[in-house]
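Q: Please take a close look at the aromatic rings in this structure. Describe how they are arranged, and then place them in the fold around them.

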Amino acid sequence: MKKLILFFVLMSTCVYSQNKTDYTKHVESLDSTIETLYRVISGDKGVARNWELFNYLFHEDAKLIPTGPSKEGIMTATYMSTDDYIKRAGTWLEANGFHEVEISRKTQTFGNITQVFSTYESFKQKSDTQPFMRGINSIQLLYDGKRWWIINIYWQQETDKHPIPKEFLSKD
């Protein structure tokens, strides 16, 4: 009986340890946080995303806010939690393949808050040479003294009516 109890204690410890992955290196700098954001949502068709790591990047009250025209042509914003985003986009990302690549970044910081305009291109496969979509992610972050937290991501896709301005395409 003692051996059986010891076995269950050891097994539960192993399972718990496997679920407690240390993601701190992914949020120790602004660069690592944004690079991880792009990396975690990207992957080939059929490749599952690491939603545990995705959630780790965000403050518990964070919002993901895509913008776009309604059926009536009025620009709207949709407010999602990380879980809402995973439910709405997760299956599509895996089923279709999706690689979002940052091509330019404009950063402004005051104290512990940072605003990043991150211009992106999106591809179905990593080997694609032409993006099927481009846009700008407006990413607000907080540095709490120990790590970076994504507070919000507010984004808009490029359209013929709203092309990406040249200032958001340069690498400086």
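A: R147 lies over the face of Y56, at 4.4 Å from the ring centre. A second charge of this kind belongs to K124, whose charged end sits over the ring of F132, 5.1 Å from its centre. Such a charge counts if NZ of Lys or CZ of Arg is within 6 Å of the ring centre and within 35 degrees of the ring normal.

The model is predicted, so local features need pLDDT of at least 70 and side-chain atom pairs pLDDT 80 or more, whereas totals for chains, interfaces and linings use all residues. Residues are numbered from 1 along each chain as its sequence is written, and side-chain values use heavy atoms, without hydrogens and water.

Turning to rings that meet rings, a search of the whole structure gives ten aromatic pairs. One of them is W51 with F54, an edge-to-face pair with centres 5.1 Å apart and 90 degrees between the planes. Rings of Phe, Tyr and Trp (its six-membered ring) pair if their centres lie within 6.5 Å; planes under 30 degrees apart are stacked, over 60 edge-to-face, and the rest tilted. Both W51 and F54 belong to helix α3 (residues 51-57), where three residues, about one turn of the helix, separate them. An α-helix has 3.6 residues a turn, so residues three or four places apart point the same way. Helices (H or I, at least four residues) and strands (E, at least two) are DSSP runs, numbered from the N terminus. W51 is buried at 19% relative accessible area, and F54 is buried at 1%. Buried means under 20%, exposed over 50%, and partly exposed in between (1.4 Å probe, protein chains only).

Y85 and W155 make another edge-to-face pair, 6.4 Å centre to centre with 85 degrees between the planes. Y85 lies in helix α4 (residues 82-96) and W155 in strand β6 (residues 148-157), so this pair ties together parts 70 residues apart in sequence. Y85 has a relative accessible area of 10% and is buried; W155, at 15%, is buried too. Ring pairs link these four residues and F58 into a cluster: W51, F54, F58, Y85 and W155.

Strand β6, which holds W155, pairs with β5 in the antiparallel sense over nine bridges. Two strands pair if DSSP finds at least two bridges between them. In this pairing I139 stands opposite I153 of β6. The two strands form a hairpin with four residues between them, and G145 in the turn has a positive phi of about 100 degrees. β5 (residues 133-143) is also joined to β4 (residues 113-123), by ten bridges, and these strands run antiparallel. There, Y120 stands opposite G135 in β5.

As for the whole protein, the secondary structure comes to four helices and six strands, in the order α-α-α-β-β-α-β-β-β-β along the sequence. Of its 172 residues, 37% count as buried. Contacts (heavy atoms within 4.5 Å) between residues at least 6 apart in sequence join residues at least 24 apart in 54% of cases. Helix α2 (residues 30-41) is mostly covered, with nine of its twelve residues buried; Y38 is among them, as are L37 and I41.
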